[in-house]
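Open your viewer and let's take a walk through this model together. At each stop I'll suggest what to select and tell you what is there.

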Amino acid sequence: MAQLDLREKLEILADAAKYDASCSSSGTAKRKSAGGKGIGSTEGMGICHAYAPDGRCISLLKILLTNSCIFDCHYCINRKSSNVRRARFTAAEVVKLTLDFYRRNYIEGLFLSSGIIRSSDYTMEQIVEVARSLREDHDFRGYIHLKTIPDADPGLIHQAGLHADRLSINVELPTLAGLARLAPEKSAPRIEGAMRGLRRDIDDTADAMKRYRSAPKFAPAGQSTQMIVGADAATDRDIVTRSASLYGRFNLRRVYYSAFSPIPDASAVLPLQRPPLMREHRLYQSDWLMRFYDYRPDEVADAADAATGMMPLDIDPKLAWALKHRHRFPVDVNTAPREALLRVPGLGVKAIDKILIARRWRRLSLADVGRLTVSVTKLRPFLIADDWRPVTLADRADLRPLVAPKREQMELFAA
Amino acid sequence: MRVVTLAAEDDFEGWRDAARALAAAQVPADDVVWQVGDAPADLFGDEAVLGGSDAALRVPRRFVELAREVVLHSDPERFALLYTLLTRIAADPHVVDDSADPLLQRLERMAKGVRRDIHKMRAFLRFREVTDDAGARFVAWFEPEHHIVRANARFFVDRFNSMRWSILTPEISLHWDGETLSEGPGASKTDAPQDDPTEAVWKSYYASIFNPARLKTGAMLKEMPRKYWKNMPETALVPELIKGARARETAMVKTARAAPARNSLAAWEALRDEAAHCTRCHLYQHATQTVFGEGPVDAPLMLVGEQPGDQEDLAGRPFVGPAGQLLDRALAEAGIDRGTAYLTNAVKHFKFEPRGKRRIHSKPDAGEITACRWWIEQELLLVRPQVVVALGATAARSLLGRTVTIARERGHAIALPEGGEARITVHPSFLLRIPEEDRKAKEYARFVEDLRAAAARL
């Protein structure tokens, strides 16, 4: 193989990393580079430094150390049997690229993953070395997200956590049968075992930090995971249920959903057609209902179609749930408790907080609510305000066309 | 009429002091004119405000935080609007809690705009490296929408503390030498360096991390509006990336379709194994097992039935019961070797109603057909048959995604989205249920004819 220059390697190894949806640089400890030492800072909130035409944010330099891999997972462009061009960065090259980009304010930090070469431990060692060098040799205080190899030695994973803000291990597929088909060399119990180990380390460190402040930080932005949607037979109900179980058991910060997309040189095992991107969007909305709107997992799953287990694509899951539970509506914006307001389609958490403060002093009209939200069209049938009572709406059988958004354009490549 | 002249566009302290004095003197908002620096004085302004009033005016902290942000907004009315709100708060402190109030709503929107601009400056500002006598220096040109530059300086000092840098904007320049921050006058774009070799590397990254199979330009534009594009090097690539995206995805799918399937047998076996655990609909709860399709994975002809019956459910193979035997006979008469065709069902679990000791076949509903369509799609994509024969209305519905009247659509080809064509005929169990012998014979002959017509298309 001809010698590749740094830019060619970057093209190959960024291309190989783009199927990982995670890009967040938020939720870590605050740091800055004061006193002329070190470089970088982190705020509570991450920063997206650019957006690509696929709508995804570019916050971190997201690359693989190498796209060579001894595994042959069918959904992966980097699988052993794929004929993509292979490349490999040295640790020093990744460190330099990260710093060069960071100094020009292109990125918040680094998201490093890798194909598995030689062994899991060897690969993990290389990943840890990049993070160590950034932190120790260059005093880098920006964000670092490391992908963790499930089978690597727990000692190595622990070292990774001392340098990184966030660690992640991908469960890859929502169902065990799907994992067996598409990633026959990966094992769900080993993946979950590694996630359990991470949770233990994260919890222990948080505990220690309560007792003495100098305790070493371990992955202060926690752990996350990703699952591919549409490559196995999982329904939305299956996926929501699986996510809830992962959140609960491993205390994850985020579960990322990545709509399977066609890859060059695809394996025949893989479906050729991707699911509609809207499906991915509905799953994120379902995820938010659990994390920010106090829905139980079974309640979110209930928004899915009873027969097919799929979330409707034309309306969001919150609206779908409300239409199935009309007896819970309308709720009175002036008296209802927070839990009830959280169920109203079209009312967000921020608007609800403002409503709760504002209504202490006076009664709110529909126009008042309109000023606190984006639009009242969707919430009108579900809400009672001082001058508004939807007497008949919630009983109407044809409520759905009134509140469902008009479909403006067919999705490109719709299946 | 009072005139207040503030020192700068972002002079929060000046506004606060003047507003405090005016409010203490109960000057109505209509009587105050606010201006900045040496802007021309209002023609009717005749009384200047004297600062230094120490009248205590207690305002909620929330208002102060709001004012601090709103002052940075580019709207010339901001000082007057804030003062109007302040006079109302002096009368009733709860006004600040009422976000539904039109004035407060307007100010909160302005504050939000300011916060967003601050955030976007942190996100979209790009440094270029230059070298001078003291070594590397980083210079950026940025055009904010509001007067946020000074307020945003701390962020860049904290982040790029060990670097020497300058941020040039039309109103003000900031310079950090590694120890102190200094201010200079506004600059122009030509004062900033015009290139940096690292930008080419960054652009390569931007183009490579983009996934052409998922174009979502609306989402991109929402977060990265065009007004910021002119000072971001990577955005020059956007039009071309969008233009090429569709072609790249289509090419990927096409190549994959055209490529000789290298491991389709393994892929089919894996699919069958996954289907054995299917719980996509509730039918798995009472059926014995999943009955997956069978036949060569490169079969040119695929036959799709409705669902496994009692015997298929027990055997785990499609078309082994009475209807299957009838199908075998018809296939033979039509000159088709069953062993060369791929046989499967629209629904892969047996649906039945228990009646005593017997299990009576029950028609799958639309939801069950849709739930199971995932498997048919995978089978179609793997086997890639030239002709698919839908046996009965359930199979036709599954393949075409709509209700189908067999009598109307029988006898001609319908193109399938997965490639190949579908032909529609009756299910063999329909023939078994016809009581009159002569009609049965006639329908059977038609069925054989349909199969023969399908085989003729191969």
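## First stop: two crossing helices in chain B

Begin with α3(B) and α4(B), whose crossing is left-handed. This is a predicted model, so please read every feature on the tour in that light. To find the pair, select residues 78-91 of chain B for helix α3 and 102-124 of chain B for α4. The two helices pack at an angle of about 135°, and their axes are 10 Å apart. That angle makes α3(B) and α4(B) oblique to each other.

Now show side chains where they touch. On α3(B), pick R78(B), L81(B), L82(B), T84(B) and L85(B). On α4(B), the contact is made by L103(B), L104(B), R106(B), L107(B) and M110(B). Colour this contact by class and you will find 7 nonpolar, 1 polar and 2 charged residues.

## Second stop: a mixed sheet in chain B

Next, select the open sheet of 5 strands in chain B that runs in the order β4-β5-β6-β7-β8, with mixed pairing. Which strands stand at its edges? They are β4 (127-132) and β8 (181-185) of chain B; each has a single partner strand, so one side of each is left without a neighbour in the sheet. Look along the sheet to see the twist, which averages 20° from one strand to the next.

Zoom in on β6 (residues 165-168) and β7 (residues 172-176) of chain B, an antiparallel pair joined by 4 bridges. Label I167(B) and you will find its bridge partner, L174(B), in β7(B). Then add helix α5 (residues 149-159) of chain B, which packs on the sheet and touches β6, β7 and β8 of chain B. The direction of α5(B) makes about 20° with that of β7(B).

## Third stop: another mixed sheet in chain B

Stay in chain B and select a second open sheet of 5 strands, in the order β10-β9-β13-β15-β14, again with mixed pairing. Its edge strands are β10 (341-345) and β14 (414-415) of chain B, each pairing on one side only. At the β14 edge, 2 bridges join β14(B) to β15 (residues 421-425) of chain B, and these strands run antiparallel. Within that pair, I414(B) stands opposite A422(B).

Bring in helix α13 (residues 393-400) of chain B. This helix lies across β9 (301-305), β13 (387-391), β14 and β15 of chain B, and runs at about 135° to β13(B).

From here, pick R446(B) in helix α16 (residues 437-456) of chain B. Is R446(B) buried or exposed? The answer falls in between: R446(B) is partly exposed, with 15 other C-beta atoms within 10 Å. Try a distance label to T425(B): the two residues are 21 apart in sequence and 8.9 Å apart in space, C-alpha to C-alpha.

## Fourth stop: where the chains meet

Show both chains and select the contact between them, which takes 75 residues from chain B and 69 residues from chain A. On the chain B side, the helices that each supply at least two residues include α7 (217-223), α9 (264-275) and α12 (366-383). Which helix gives the most to this side? That is α8(B), with 10 residues. By class, the side of chain B that touches chain A has 37 nonpolar, 17 polar and 21 charged residues.

Now move to helix α1 (residues 6-15) of chain A. Its buried residues are K9(A), L10(A), I12(A), L13(A), A14(A) and D15(A). They pack against β3 and α2 (91-103) of chain A together with α6 (198-209) of chain B.

## Last stop: inside chain A

Follow β3 (residues 60-64) of chain A to β4(A), with which it pairs in the parallel sense over 5 bridges. Here I63(A) stands opposite L112(A). Select β4 (residues 109-113) of chain A and you will see a mostly covered strand, with 5 of its 5 residues buried.

Finish with helices α4 (residues 154-163) and α6 (residues 188-211) of chain A, which pack at an angle of about 50° with their axes 11 Å apart. That makes α4(A) oblique to α6(A), and their crossing is right-handed. For the contact, select P154(A), I157(A), H158(A) and G161(A) of α4(A), then G197(A), L198(A) and D201(A) of α6(A). By class, this contact has 3 nonpolar, 3 polar and 1 charged residues.

Note on methods:
Residues numbered from 1 in each chain as written. Chains lettered and ligands numbered in written order. Predicted model: local features only at pLDDT ≥ 70, side-chain atom pairs only at ≥ 80, totals over all residues. Axes fitted to C-alpha atoms, helices over the stretch in contact; angles between N-to-C directions. Parallel < 35°, antiparallel > 145°, perpendicular 65-115°, else oblique. Left-handed = near helix turned anticlockwise from the far one by under 90°. Contact = placed C-beta atoms within 7 Å. Nonpolar A, V, L, I, M, F, W, Y, C, P; charged D, E, K, R; others polar. Pairing = 2+ DSSP bridges. Buried ≥ 20, exposed ≤ 12 C-beta atoms within 10 Å, placed from the backbone.
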